[in-house]
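Hello,

Here is the structure we talked about handing over. Please have a look, then read my notes below.

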Amino acid sequence: SKISALNGIRGGRIKGRPSLNEVAFTGRVDLFPFATIDPGLEQSLRFGVSTFVGGLDNGDNAKDPGRSAGKRLEIYSADFSYSLWRFTLRGAMAYLRIEDARKIGNGAASEIFGMFGEISVRVFPETWREGFLSKFEVVLFFRYDDYNTQYRTPRGVVKNPAGNRQDYTFGFALQILPNLVFKADYQIRDDKTTNNLPDLMNFGVGFQF
């Protein structure tokens with residue numbers, strides 16, 4: 001019931017106890033072409049594909065909400081990552097199909113599509129890697145996002161142009177330790193409406209344990 005025109009399926013997540021009213025299938029395959037060879041220049045390459053197919057009629061604590069809103073959600077995605085010396089290029093695309101989306105309401109689309117591409121470069125000089133700075137890294141990056149939560153709508157549902165969006169993100173990351181990073185970026189946003197979306201400045205911290 002929370003799937004919507006602009007936020008897509010995000011609001012449809014179950015935030016209470018897990019549900020198993022309708023079973024879902026998910027799977028992923030990753031390929032590493034350089035796993036058994038060394039192409040030189042610190043190269044690495046990975047391709048991945050994944051999918052999720054499941055029913056939408058799920059409620060908290062495995063209860064059937066009885067809404068009969070939509071039948072099935074299908075998600076198909078592909079992504080890759082390629083590194084060459086100090087440079088890394090990565091990207092992903094995803095296609096979502098919501099069967100019988102018209103019954104959900106909220107302007108929910110029957111199909112959603114999106115992609116992104118990002119290039120980054122490590123710029124911290126190797127000669128400075130001593131003592132406390134032995135694990136330090138500085139990464140500059142640019143990312144382009146193009147996503148449309150109104151890619152196709154059910155018959156009779158008018159597309160909301162605000163769902164067709166593009167983001168241009170420029171930023172940097174300070175990797176203090178291999179498992180600790182501080183990030184900042186500036187984001188230019190656009191959509192297919194006549195509104196001017198405000199630019200954003202984002203700050204974040206990541207910690208892996």
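Which ring does the charged end of Arg86 sit over? The ring is that of Trp85, and the distance to its centre is 5.6 Å. Keep in mind that this is a predicted model. A second charge is placed over a ring too: Lys183 lies over the face of Phe141, 5.3 Å from the ring centre.

Phe141 also touches Asp185. Asp185 belongs to strand β8, residues 180–191. Asp185 is buried, yet has no salt bridge. The nearest side chain of opposite charge is Arg143, and that is 5.0 Å away. A salt bridge needs the side-chain nitrogen within 4 Å of a carboxyl oxygen, so this pair does not count as one. What Asp185 does have is a polar contact of 2.7 Å, side chain to side chain, with Asn202. Leaving out residues up to four places away in sequence, Asp185 touches Thr169, Phe170, Gly171, Leu200 and Met201, among others.

Now the aromatics. The structure holds 7 aromatic pairs. One of them is Phe142 with Phe170, a tilted pair with 4.9 Å centre to centre and 40° between the planes. This pair links distant parts of the chain, 28 residues apart. Phe142 is in strand β6 (residues 137–152) and Phe170 in strand β7 (residues 164–177).

Are these two rings' residues buried or exposed? Phe142 is partly exposed, at 29% relative accessible area. Phe170 is partly exposed as well, at 44%.

Last item: Phe124, Trp128 and Phe136 form one aromatic cluster.

Best regards

Terms used. Residues are numbered from 1 along each chain as its sequence is written. This is a predicted model: local features need pLDDT of at least 70, side-chain atom pairs count only at pLDDT 80 or more; totals for chains, interfaces and linings use all residues. Side-chain values use heavy atoms; hydrogens and water are left out. Helices (H or I, at least four residues) and strands (E, at least two) are DSSP runs, numbered from the N terminus. Buried means under 20% relative accessible area, exposed over 50%, partly exposed in between (1.4 Å probe, protein chains only). Lys and Arg count as positive and Asp and Glu as negative; His and the chain ends are not counted. A polar contact is a pair of N or O atoms within 3.5 Å; within protein, one must be able to donate a hydrogen and the other to accept it, and residues adjacent in sequence count only if both atoms are side-chain atoms. Contact means heavy atoms within 4.5 Å. Rings of Phe, Tyr and Trp (its six-membered ring) pair if their centres lie within 6.5 Å; planes under 30 degrees apart count as stacked, over 60 as edge-to-face and the rest as tilted. A charge sits over a ring if NZ of Lys or CZ of Arg is within 6 Å of the ring centre and within 35 degrees of the ring normal.
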